Amino acid sequence: MDYTILGRTGLKVSVMGLGCGGPSRIGKGTGRSKEESIALIRQAIDYGINFIDTSEIYGTEKIIGIAIEGMDRESLIISTKKQTMDRITPEKVQKSLEKSLKKLGTDYIDIYHLHAVRLKDYDYLATKIVPTLQELQKEGKIRYIGITEQFISDTGHKMLQRALKDDFWDVMMVGFNMLNQSARDRVFPKTIEKNIGVLIMFAVRLALSRPNYLKQVIGQLIEKKLVNVSNINEKNLLDFLIHKDGAENIIDAAYRFCRYEPGTHVILSGTGNAEHLKSNIKSFSRPPLPQEDLIRLKNIFKNVDSISGH
Ligand SMILES: NC(=O)c1ccc[n+]([C@@H]2O[C@H](COP(=O)([O-])OP(=O)(O)OC[C@H]3O[C@@H](n4cnc5c(N)ncnc54)[C@H](OP(=O)(O)O)[C@@H]3O)[C@@H](O)[C@H]2O)c1
């Protein structure tokens, strides 16, 4: 496993992070047993993954707590989140954090995020809730403060563009993948300038992990004239990525595409399947996609900012 420094946090993190939410929720969303999920987390750590992402709303904090019990806490970077859909109060944040600490079996969270923040809630959260997070940081319960976007509805990163005007975010979780590359121009130049740690979500998600659905999604983009048909073979779509010097399959391409994008640090990978975990880890050990494939991908999807790949 390769490691990198997560921007201004200075934390040494694995370039692949275990995402414990998304469609799979480490198996909780796909019918796996608790024991299988625990084994999957331990397997990921054995392979060198030190970054684990969860949230109070995924229902996976407790499973992580059991899986990491007795391990060297300092060797792990734990990221969790406070949901922000209801108007949250400083008291609710404090209570949620205490619950997360208890479930995870730890005294501190490395990165505590405000989860899936909508643009319309941003100013309230920045003025009323961030000071509480900063207090909790002083108390040593949170090491760094993060924010995540609601990529399914905010596919053009409006909320994060607002958040980038403030200076208190150490880490941002950004939606980015081969289909929607809009963060390259709208988010990464500023995160690089401010040395903010960047976690990538939606690298694969649903469209890039289900071939028939991918056909449907790209078909809709062609219909809406968002991708130029002269750039893409309507029958083979993204199959040009798979060849001897290129990707092994679309999922391999998707993770390698994100991993080498300048400005990204940790690419989250969500699975409940131990075989998928192994094959995804292999993708992270492979080199960047060939330059000509990357240029072709950029050309095909350069005007797409209206889908998330969900
Ligand atoms: N706003 C937010 O804060 C937010 C929102 C979304 C996600 N996240 C975080 O980001 C993490 C990752 O994002 P994501 O959910 O978009 O996950 P992802 O890693 O992009 O994709 C996960 C999907 O791909 C499948 N998959 C993974 N590897 C595969 C393989 N080798 N072969 C076939 N299928 C494969 C998984 O199913 P299997 O279980 O079958 O492998 C799952 O359906 C989440 O877990 C969560 O921690 C945060």
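Reader: Which residue caps the N-terminal end of α9, and how does one read such a cap?

Author: One looks for a side-chain atom that meets the backbone at the start of a helix, and in this predicted model the residue is Asn249, which has a side-chain oxygen 3.1 Å from the backbone nitrogen of Ile251.

Reader: How many residues of α9 are buried, and which are they?

Author: Burial is read from relative accessible area, with under 20% as the cut-off for buried. By that reading α9 is mostly covered, since nine of its 10 residues are buried, and these are Ile250, Asp252, Ala253, Ala254, Tyr255, Arg256, Phe257, Cys258 and Arg259. The elements they pack against are α6 (183–186), β9 (197–201), α8 (211–223), β10, α10 and α11 (291–301).

Reader: Which residues of α1 are buried, and how should I think about their spacing along the helix?

Author: The general idea is that an α-helix has 3.6 residues a turn, so residues three or four places apart point the same way. In α1 the buried residues are Ser37, Ile38, Leu40, Ile41, Gln43, Ala44 and Ile45, and they pack against β3 (16–19), β4 (51–53), α2 (61–68) and α10. The helix itself runs over residues 34–46, and its 13 residues reach 18 Å from the first C-alpha to the last, close to the 18 Å expected at 1.5 Å a residue.

Reader: What follows α1?

Author: Backbone angles are worth checking where a helix has ended, and here α1 is followed by Gly48, whose phi is positive, near 105°. A little further on is Asn50, placed in the loop between α1 and β4.

Reader: Is Asn50 buried or exposed, and what does its side chain meet?

Author: A residue in a loop can be read with the cut-off used above for helices, and Asn50 counts as buried because its relative accessibility is 10%. A polar atom of the Asn50 side chain lies 2.8 Å from the backbone nitrogen of Ser14. Leaving aside residues up to four places away in sequence, Asn50 touches Tyr3, Lys12, Val13, Ser14, Ser75, Leu76 and Ile77.

Reader: Which residues other than glycine have a positive phi, and where are they placed?

Author: Two cases can be taken in turn. His157 has a phi near 65° and sits in the loop between β7 and α5 (158–163), where it counts as buried because its relative accessibility is 0%. Arg205 also is not a glycine, and its phi is positive at about 50°; this residue is found in the loop between β9 and α8, and it is partly exposed, with a relative accessible area of 22%.

Reader: What surrounds the ligand?

Author: A ligand site can be read from its shell of residues, and here 30 residues surround the ligand, the closest being Ser24, Asp53, Arg205, Thr271 and His276. By kind, the shell divides into 11 nonpolar, 14 polar and five charged residues.

Reader: Which atoms of the protein lie at 2.5 Å, 2.7 Å and 3.0 Å from ligand atoms?

Author: Such pairs may involve side chains or the backbone. For Ser24, an N or O atom of the side chain is 2.5 Å from an oxygen atom of the ligand. For Gly270, a polar backbone atom is 2.7 Å from a ligand oxygen, and for Glu149 a backbone N or O atom lies 3.0 Å from a ligand nitrogen. As for cover, the ligand has 910 Å² of accessible area on its own, and the protein covers 90% of this. The elements giving two or more residues to the shell are β7 (142–149), α9 (250–259), β10 (266–269) and α10 (274–283), with the largest share, three residues, coming from α10.

Reader: What can be read from Thr80 and Lys81 in strand β5?

Author: A strand residue can be described by its burial and its neighbours. Thr80, in β5 (residues 77–83), is buried, with a relative accessible area of 0%. Its C-alpha atom is separated by 5.9 Å from that of Asp53, although Thr80 and Asp53 are 27 residues apart along the chain. Lys81 lies in β5 too and is likewise buried, with a relative accessible area of 0%. The Lys81 side chain makes a polar contact of 3.0 Å with the side chain of Tyr58, and among the residues that Lys81 touches are Asp53, Glu56, Tyr112, Thr148 and Met173.

Methods. Residues numbered from 1 in each chain as written. Predicted model: local features only at pLDDT ≥ 70, side-chain atom pairs only at ≥ 80, totals over all residues. Heavy atoms only, no water. Near = heavy atom within 4 Å. Polar contact = N/O pair within 3.5 Å; in protein donor to acceptor, adjacent residues only side chain to side chain. Areas by Shrake-Rupley, 256 points an atom, 1.4 Å probe, with all protein chains shown as cover. Helix = DSSP H or I, 4+ residues; strand = E, 2+ residues; numbered from the N terminus. Nonpolar A, V, L, I, M, F, W, Y, C, P; charged D, E, K, R; others polar. Expected span 1.5 Å × (residues − 1). Buried < 20%, exposed > 50% of the residue type's maximum accessible area, 1.4 Å probe, protein only. Contact = heavy atoms within 4.5 Å.
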